[in-house]
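Got the viewer open? Let's take a short walk through this one, stop by stop.

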Amino acid sequence: MNTLFDKIWDSHVVAKVDDGPTQLYIDRHYCHEVTSPQAFDGLRRRGLKVFRPERTYCSPDHNIPTVNQDKPIADMVSRQQVEQLTKNAGEFGLTLFPLGHPRNGIIHVIGPENGLTLPGYTIVCGDSHTSTHGAFGAVAFGIGTSEVEMVLASQCILQAKPKTMRITVDGTLSPGVTAKDIALYIIAKMTTGGATGYFVEYAGEAIRALSMEGRMTLCNMSIEMGARGGLIAPDEVTFEYCKRRPYSPKGEEWEKAVAYWRTLPSGDDAVFDKEIRFDAADIRPRVTYGTNPGMGIAVDEPVPDCPSEADEQEKASFEKSLAYMGFKSGNSIEGTKVDYVFLGSCTNGRLDDFRQFASIVKGRKKHPEVTAWLVPGSWEVLNQVKEEGLDKIIEEAGFEIRQPGCSACLAMNDDKVPAGCLAVSTSNRNFEGRQGPGARTVLASPLTAAAAAVTGVITNPLNLI
Amino acid sequence: MKQKFNNVTSSCVPLPIENIDTDQIIPARFLKATSREGFGENLFRDWRFDDKGNPIASFPLNNPRYSGQILVAGKNFGCGSSREHAAWAIADYGFRVVVSTFFADIHKNNELNNFVLPVVISEPFLASLFETIEANPKAQVSVDLPSQTITNLATGVSEHFDINPYKKHCLLNGLDDIDYLLSNRDKILEYENK
């Protein structure tokens, strides 16, 4: 006990069901248009109000176009779902950052940048990438729509307490190796289901050295190894980020909050159910070669063989993956022709990510055969990109920056990668058809995505630094 | 949606693939509906139908040999997106039980909240179950919630499965978590006033 996770969890226990789950109080609930309509319907059916409307914040992000947001959404079904969120937020008295609002954006980007996500909080959202908010030292996890209804109705959720795991990354990262590469490295080592049932704390020198954006990237992808969530102890980097955000505490309240947050990190005597250590020096720029995020390699490594000890289902699944991607065991992945590049998503759609992308494309040109979608996570990110002049660098290299949203990460809007085309994507999932039916996805960091965008092939970004 | 669960005895549909993610169970482009109904027709859409909408004959759901209320899948079923639409699609299609060696956490909760029973079995039991179905697609499997037992009736081999006692109570009686949480309002107010 005495871990960061246990301290937060235990302080939010309302009751314990006999022989059952814990009733956990939720400090912050985020809501988007895709996983909430049925929950609001449920409230109506039961004749219920939202129990604590001031704790829920809504933003449409999944369905929204990334061009012409000032015009009505052309896809009628998408438009209806977005309008439904507006209607529900109005009817139930919830704060909404609608399309075109200066605070609109991907819910996992705007929560932190508005100071709605704070250390020590319990945070849920009908979205598996809610784990992002763990970067602040919060217990944050994705839930289903029935659970969204529970939170709206009672500000509580029933959950079995997960086991705890600490993943320590010692040492320092080499230049050109990013938080995304750490995430893809850890997930490949752990496998796509290897952390199922656990809440993961990331620790160690390499983690402490990450910016808040980098920490969010890492925690965001915790779900891709099956973890219930991931979190990082709050420190000066966290406090500096949270300070002076629109919704963060001010004045005396701020001082009190920081004093409390300082008590949260895991004690020296903290006991985890599982401990794993990696060395930052072993991490190189990463890519995926298969159809789950655990199927990853360093960009300069050959595509592996299926492990010889694998059983029949595992072999069949591995071969299905490679056949879908069009890759062969033993072959190099570098030099593979790239059709699309996507910079964005709740994983890599923040200022740091645009900085990384710009650092590679500066003074170079977009490859003529690559279609590139650069989608900031929020209007605030876009403003920061412009303030730093990154937009000029990016535009001079032949790219354009689109309007914010989830975009090609899951292709619910028009940003779909055509069947058979290969995309190098900074998003979080390379599942079959994730970026459009038949689309093939290679996950990578913003640096590796930028390297692909200017060369037209999968390229080790270290060659361009 | 609330439906009491007791015992299901049925033939099975086999999906001997690992890490089946919820994007495969129900692709994102079908998540735009604002009701819970009708997702079954797009269950495993891109594995079931080609890009012209024609059924892919080799996929088990299209194979007339296989039918039943029990879906048997490889390990780590339901990983990825939290979309409850995946559980709605499974239930709407007519499955009442999903059997695997382990489930992704969020999807497992989503199944339980929709009165679909995720049954976690051992690797040898799963391997033998796939063999049984392959040999005789009409082979019956019995899943009994009160005794927490799954039985391969073709081989007579049984295995005990775990389920949280509270969730078992909910499934047996057709109750959901919101009923419970609403009955606990005093405790919530007490917590808030602490």
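How much area do chain B and chain A bury between them? About 4,800 Å², with 56% of it on carbon and sulfur atoms; keep in mind as you look around that this is a predicted model.

Start by selecting B:Lys32, B:Thr34 and B:Tyr191. This trio supplies 15% of the area that chain B buries against chain A, more than any other three residues. Now widen the selection to the whole contact: 57 residues come from chain B and 62 residues from chain A.

Next, pick B:Asp179 and A:Arg46. They form a salt bridge, and their closest N and O atoms sit 3.4 Å apart. The count between the two chains is 6 salt bridges. Polar contacts are there to browse too, with 26 residue pairs found across the interface of chain B and chain A.

Colour chain B by helix. Those that each give at least two residues to the side touching chain A include α3 (85–93), α5 (123–135) and α8 (185–192). Colour that side by class instead and you get 23 nonpolar, 16 polar and 18 charged residues.

Last stop: chain A, strand β15 (residues 340–343). A:Tyr340 and A:Phe342 point one way, A:Val341 and A:Leu343 the other way, and all are buried. Add strand β16 (residues 371–374) of chain A, which pairs with β15(A) in the parallel sense over 4 bridges; here A:Val341 stands opposite A:Ala372. Then add β17 (residues 422–425) of chain A: this strand also runs parallel to β15(A), joined by 3 bridges, and A:Phe342 has A:Ser425 as its bridge partner there.

Definitions and conventions. Residues numbered from 1 in each chain as written. Chains lettered and ligands numbered in written order. Predicted model: local features only at pLDDT ≥ 70, side-chain atom pairs only at ≥ 80, totals over all residues. Heavy atoms only, no water. Contact = heavy atoms within 4.5 Å. Buried area = accessible area lost by both parts, 1.4 Å probe. Salt bridge = Lys/Arg side-chain N within 4 Å of Asp/Glu carboxyl O. Polar contact = N/O pair within 3.5 Å; in protein donor to acceptor, adjacent residues only side chain to side chain. Nonpolar A, V, L, I, M, F, W, Y, C, P; charged D, E, K, R; others polar. Buried < 20%, exposed > 50% of the residue type's maximum accessible area, 1.4 Å probe, protein only. Pairing = 2+ DSSP bridges.
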